[in-house]
Amino acid sequence: MLLWEIFRTFVIIGTVSFGGGYAMIPVIEQEVTAHGWMTTSEFTDIIAIAGMSPGPIATNSAIFVGFKTAGIGGAIVAALGMILPSLTIILFISFFFTKANKHKIVQSAFYGLRPVIVGLIIYAAIKFGISNELFHSFSFQTLASLCIFLGALLALIKYKIHPAIVIVFSGIIGAVLYQ
């Protein structure tokens, strides 16, 4: 019964979530905590691991949640639940996209979805910052986290440094500062 619930939950998430993995994180977090499978804090740790792992963050998150909830079987059904809707929808859309993409209504719908996706990604970032107490009180850790954030943002936007290098250096700086 638990495996079916995990599968069903991730099929729904995979079907109704748009905008890529980071935009799906708030939806996954809501469902995971609503089912009582883990706390927001535990889920935040999962996101950190899923983000550093190869592959899509939403699918990685689903696999970690499934594994923590129901072992290997949970990981498998969560992955299938997350992947099947996208696979089905993409196969269906690929047959019609080249013709439909030229229609003004379709183009307008895509323009309307873009700001929502950006909003979901920003919401996820703020929510995880709050759940990790980055904005809770002013302390050395808060200041250090803010400096790491701003430095990483500057490195990515202004200097166009590869994200993998930014992640490695941020981890090294964190290891030094938070000892």
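Where is the place of Tyr159? The legends below take up this residue after an overview of the predicted model.

**Figure 1. Overall view of the predicted protein chain, an assembly of helices.** The secondary structure comes to 7 helices and 0 strands, and the order of elements from the N terminus is α-α-α-α-α-α-α. Along the principal axes, the C-alpha atoms fill a box of roughly 50 × 45 × 25 Å. Of the 179 residues in the chain, 28% are buried. Among contacts with a separation of 6 or more, 58% join residues 24 or more positions apart. The accessible surface amounts to about 11600 Å², and carbon and sulfur atoms hold 75% of that area. The chain carries 9 positive and 6 negative side chains; the centres of these two sets are 23 Å apart.

**Figure 2. Close-up of the loop between helix H6 and helix H7, with Tyr159 and Lys160.** Tyr159 has its place in the loop between H6 and H7. Tyr159 counts as exposed because its relative accessibility is 52%, where the cut-off for exposed is over 50%. The C-alpha atom of Tyr159 is separated by 38 Å from that of Phe10, a residue 149 positions away along the chain. Lys160 is found in the loop that joins helix H6 (140–157) to helix H7 (163–177). Phi of Lys160 is near 55 degrees, a positive value in a residue other than glycine. With a relative accessible area of 65%, Lys160 is likewise exposed.

**Figure 3. Close-up of Phe149 in helix H6 and its spatial relation to Ser170.** Phe149 is placed in helix H6. Its relative accessibility of 49% is why Phe149 counts as partly exposed. From C-alpha to C-alpha, Phe149 and Ser170 are 8.5 Å apart, with their positions 21 residues apart in sequence.

**Figure 4. Close-up of helix H4, whose end-to-end span falls short of that of a straight helix.** Helix H4 covers residues 57–100. A straight helix of 44 residues would span 64 Å at 1.5 Å a residue, but the end C-alpha atoms of H4 are only 29 Å apart. At Ala70, H4 bends by about 150 degrees.

**Figure 5. Close-up of Ser61, a buried residue of helix H4.** Ser61 is found in helix H4. Ser61 counts as buried because its relative accessibility is 0%. When its neighbours within four places in sequence are left aside, Ser61 is in contact with Ile28, Ile46, Ile47 and Ala50.

**Figure 6. Close-up of helix H5 and the elements that cover its buried residues.** Helix H5 (residues 104–131) has 28 residues. From its first C-alpha to its last, H5 reaches 41 Å, close to the 40 Å expected at 1.5 Å a residue. Which residues of H5 are buried? They are Ile117, Ala124, Phe128 and Gly129. The cover over the buried residues of H5 includes helix H2 (21–34) and helix H3 (40–52). Just after H5, Glu133 takes a positive phi of about 55 degrees.

**Figure 7. Close-up of Met52 in helix H3, shown with Ala164.** Met52 lies in helix H3. Met52 counts as exposed because its relative accessibility is 61%. Met52 and Ala164 are 112 residues apart along the chain, and their C-alpha atoms are separated by 9.2 Å.

Technical notes: Residues are numbered from 1 along each chain as its sequence is written. This is a predicted model: local features need pLDDT of at least 70, side-chain atom pairs count only at pLDDT 80 or more; totals for chains, interfaces and linings use all residues. Side-chain values use heavy atoms; hydrogens and water are left out. Helices (H or I, at least four residues) and strands (E, at least two) are DSSP runs, numbered from the N terminus. The expected span of a helix is 1.5 Å times one less than its number of residues. Buried means under 20% relative accessible area, exposed over 50%, partly exposed in between (1.4 Å probe, protein chains only). Contact means heavy atoms within 4.5 Å. Accessible areas come from the Shrake-Rupley method with a 1.4 Å probe; for residues, only the protein chains shown count as cover. Lys and Arg count as positive and Asp and Glu as negative; His and the chain ends are not counted. The place of a charge is taken as NZ of Lys, CZ of Arg, CG of Asp or CD of Glu. The bend at a residue is the angle between axes fitted to the seven residues ending there and the seven starting there.
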